[in-house]
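Could you walk me through this model in my viewer, one selection at a time? I would like to know what to pick next and what I will find there.

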Amino acid sequence: MTTPTPRTIRRALCPGSFDPVTNGHLDIISRAASLYDEVVVAIFVNQSKSSLFSVDERHEMLSEGTAGYPNVTIDVFEGLVVDYCREHEIPVIVKGLRAVSDFDYELQMAQMNRGLAGIDTLFMPTNPEYSFLASSLVKEIAKWGGDVSSLVPPNVLKRLKERTGTSG
Ligand code: PNS
């Protein structure tokens, strides 16, 4: 009798600031979750960038937003994304591409990460419905009371209203 070869678990990383998570992020995360056995969503702690939500709040919002995907976990990292990948044996980074304008910078990072540690990047075209969507715009619109209910999940909308003191 032959011993079955153990199947390698296919893992992918979705890194980002997620300040806050948007429907665009969740679209990419859910699609990655259907392609890979395990998906780690890693919140990058950037000390030099001010954020609207704390890392714990961002973690909570992501956990709530991905609760329906049992193979998705949320983590936090500080440092190089390739070091995180190596430590957690994750060979691929999944990134959403909204428009051509994203491409230059994302390509540069992808090539750098591959050169640094052999970590590959898979680019996923975003759903056209979210091609204009960015956390920074969501925050600005919410701050001035604009309607962002179609851009973020309800748990994020609630927190945005509380944080910005608006009813948007
Ligand atoms: O949501 P963001 O802010 O666009 O995410 C950018 C992020 C966190 C994915 C990117 O800045 C990153 O990977 N930072 C980690 C630090 C790092 O590895 N930098 C070198 C990239 S070549």
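Here is a tour that goes from the whole chain to the cores, the ligand and a few individual residues.

**Stop 1: the whole chain**

Start with everything in cartoon view, and keep in mind that this is a predicted model. Colour by secondary structure and you should find six helices and five strands in the protein chain. Trace them from the N terminus and the order reads β-α-β-α-β-α-β-α-β-α-α. How does the radius of gyration of the protein chain relate to the globule rule? The radius is 17 Å, close to the 15 Å that the rule gives for 168 residues, so the chain is as compact as a globular protein of that length. If you draw a box along the principal axes, the C-alpha atoms fill roughly 65 × 35 × 30 Å.

Now switch on a surface. The protein chain exposes about 9,600 Å², and carbon and sulfur atoms supply 55% of that area. Buried residues make up 41% of the 168 residues. For a contact map, count the contacts with a separation of 6 or more: residues 24 or more positions apart account for 73% of them.

**Stop 2: the largest nonpolar core**

Hide the surface and select Ile29, Val39, Val41, Leu62, Val94, Val148 and Leu160. These residues have the most contacts inside the largest nonpolar core, which has 31 residues. Which elements each supply at least two residues of this core? On the strand side, select S1 (11-16), S2 (38-44), S3 (72-77) and S4 (92-97). On the helix side, add H1 (23-35), H2 (55-65), H5 (135-143) and H6 (154-164). Helix H1 gives the most to this core, with five residues.

Stay here and centre on Val41. Setting aside residues up to four places away in sequence, Val41 touches Cys14, Phe18, Ile29 and Leu62, as well as Val72, Thr73, Ile74 and Asp75. Keep Phe18 in mind, as the tour returns to that residue later.

**Stop 3: the second core and Cys85**

Next, select Leu13, Val40, Ile90 and Ile119. They are among the 11 residues of a second, separate core.

From there, pick Cys85, which lies in helix H3 (residues 81-87). Is Cys85 buried or exposed? Cys85 has a relative accessible area of 0%, so this residue counts as buried. Beyond its neighbours within four places in sequence, Cys85 is in contact with Leu13, Ile90, Ile93 and Ile119. For a sense of distance, draw a line from the C-alpha atom of Cys85 to that of Ser54: the two residues are 31 residues apart along the chain and separated by 23 Å.

**Stop 4: the ligand**

Show the ligand as sticks and bring up the residues around it. How many residues surround the ligand? There are 13, and the closest are Ser17, Phe44, Gly79, Leu80 and Val81. Two polar pairs deserve a distance label. At Ser17, an N or O atom of the side chain is 2.5 Å from an oxygen atom of the ligand. At Val81, a polar backbone atom lies 2.8 Å from a ligand oxygen atom. Taken alone, the ligand exposes 550 Å², and the protein buries 72% of that.

**Stop 5: the loop between S1 and H1**

Select Phe18, in the loop between S1 and H1. Phe18 is not a glycine, yet its phi is positive, at about 50°. With a relative accessible area of 4%, Phe18 is buried. Then step along to Pro20, which is placed in the loop between S1 and H1. Turn on omega values here: a cis peptide bond joins Asp19 and Pro20, with omega at about 0°.

**Stop 6: Glu89 and Ile9**

Move to Glu89, found in the loop between H3 and S4. Glu89 has a positive phi of about 50° although it is not a glycine. Its relative accessibility is 63%, so Glu89 counts as exposed.

Finish at Ile9, in the segment before S1. Ile9 is partly exposed, with a relative accessible area of 42%. Apart from its neighbours within four places in sequence, Ile9 is in contact with Asp37 and Glu38. As a last distance label, join the C-alpha atoms of Ile9 and Ile90: they are 81 residues apart in sequence and 9.7 Å apart in space.

Methods:
Residues numbered from 1 in each chain as written. Predicted model: local features only at pLDDT ≥ 70, side-chain atom pairs only at ≥ 80, totals over all residues. Heavy atoms only, no water. Core = buried A, V, L, I, M, F, W, Y, C linked by side-chain atoms within 4.5 Å. Buried < 20%, exposed > 50% of the residue type's maximum accessible area, 1.4 Å probe, protein only. Helix = DSSP H or I, 4+ residues; strand = E, 2+ residues; numbered from the N terminus. Contact = heavy atoms within 4.5 Å. Near = heavy atom within 4 Å. Polar contact = N/O pair within 3.5 Å; in protein donor to acceptor, adjacent residues only side chain to side chain. Areas by Shrake-Rupley, 256 points an atom, 1.4 Å probe, with all protein chains shown as cover. Rg over C-alpha atoms; globule rule 2.2 N^0.38 Å.
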